[in-house]
Amino acid sequence: MVITIREKIILRMRELGVKNRAVCSDLGFKEQNFSAYLNGRRTIPHEDLEKVCMYLGLTLADKE
């Protein structure tokens, strides 16, 4: 089973106890857009993906 980067981000946020609101506040994202990404309704721009990965301690190599 292949885990997507979206799923890895969700799992990592749970591990760290980080809420969507904190990620959005710290990274300057709109909560609605970030939530839509996490729910699979929207794609995240590569630049924002990099920011989220760095924030959560993931590497872009983890996305594959």
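## Asn20 and its surroundings

Let's start with Asn20, which sits in helix 2 of this predicted model. Asn20 is partly exposed, and its relative accessible area is 28%. That value lands in the middle class because buried means under 20% and exposed means over 50%.

What does Asn20 touch, once neighbours within four places in sequence are left aside? The contacts of Asn20 are Met13, Phe34, Ser35 and Leu38. Two of these names come back further on: Phe34 and Leu38 are among the buried residues of helix 3. Asn20 can also be placed relative to Leu56: the two are 36 residues apart in sequence, and 12 Å lie between their C-alpha atoms.

## The chain as a whole

Now step back a little. The chain is built with 4 helices and 0 strands, so its pattern along the sequence reads α-α-α-α. The C-alpha trace spans about 30 × 25 × 20 Å along its principal axes. How does the radius of gyration fit with a compact globule? For 64 residues, such a globule would have a radius near 11 Å, and the chain has 11 Å, which agrees.

Buried residues account for 30% of the 64 residues. The chain exposes about 4500 Å², with 50% of that supplied by carbon and sulfur atoms. Looking at contacts with a separation of 6 or more, 52% of them join residues 24 or more positions apart. As for charge, there are 11 positive and 9 negative charges, and their mean positions are 7 Å apart.

## Helix 2, one side in and one side out

Back to the helix that holds Asn20. The buried residues of helix 2 are Val23, Cys24 and Leu27. Viewed down the helix axis, they fall within an arc of 95°, so they line one face of helix 2. An α-helix has 3.6 residues a turn, so residues three or four places apart point the same way.

Which residues are exposed on the other side of helix 2? They are Arg21, Ser25 and Asp26. The cover over the buried residues of helix 2 includes helix 1, helix 3 and helix 4. Right after helix 2 comes Gly28, with a positive phi near 75°.

## Helix 3 and Glu31

Helix 3 has its own buried set: Phe34, Ala36, Tyr37 and Leu38. Helix 1, helix 2 and helix 4 are among the elements covering those residues. Just after helix 3, Gly40 has a positive phi of about 80°.

Glu31 also belongs to helix 3. Is Glu31 buried or partly exposed? Glu31 is partly exposed, at a relative accessible area of 37%. Not counting residues up to four places away in sequence, Glu31 touches Arg21 and Cys24. Those two partners are a nice mix: Arg21 is exposed on helix 2, while Cys24 is one of the buried residues there. Glu31 and Thr43 are 12 residues apart in sequence, with a C-alpha to C-alpha distance of 14 Å.

## Helix 4 and the glycine behind it

Helix 4 covers residues 46–56, and its buried residues are Asp48, Leu49, Val52, Cys53 and Leu56. Seen down the axis of helix 4, these residues sit within an arc of 140°, so they line one face of the helix. On the other side of helix 4, Glu47 and Met54 are exposed. What covers the buried residues of helix 4 includes helix 1 (5–16), helix 2 (20–27) and helix 3 (31–38).

Then comes Gly57, which follows helix 4 and has a positive phi near 80°. Gly57 is exposed, with a relative accessible area of 55%. Although Gly57 and Leu16 are 41 residues apart along the chain, their C-alpha atoms are separated by 10 Å.

## Glu7 in helix 1

Last stop: helix 1, where Glu7 is found. Glu7 is partly exposed, and its relative accessible area is 29%. Where is Leu58 relative to Glu7? Along the chain they are 51 residues apart, and their C-alpha atoms are separated by 12 Å. Helix 1 has also turned up as part of the cover for the buried residues of helix 2, of helix 3 and of helix 4.

Notes: Residues are numbered from 1 along each chain as its sequence is written. This is a predicted model: local features need pLDDT of at least 70, side-chain atom pairs count only at pLDDT 80 or more; totals for chains, interfaces and linings use all residues. Side-chain values use heavy atoms; hydrogens and water are left out. Helices (H or I, at least four residues) and strands (E, at least two) are DSSP runs, numbered from the N terminus. The radius of gyration is taken over C-alpha atoms; the globule rule is 2.2 Å times the number of residues to the power 0.38. Buried means under 20% relative accessible area, exposed over 50%, partly exposed in between (1.4 Å probe, protein chains only). Contact means heavy atoms within 4.5 Å. Accessible areas come from the Shrake-Rupley method with a 1.4 Å probe; for residues, only the protein chains shown count as cover. Lys and Arg count as positive and Asp and Glu as negative; His and the chain ends are not counted. The place of a charge is taken as NZ of Lys, CZ of Arg, CG of Asp or CD of Glu. The arc is that of the directions from the helix axis to the C-beta atoms.
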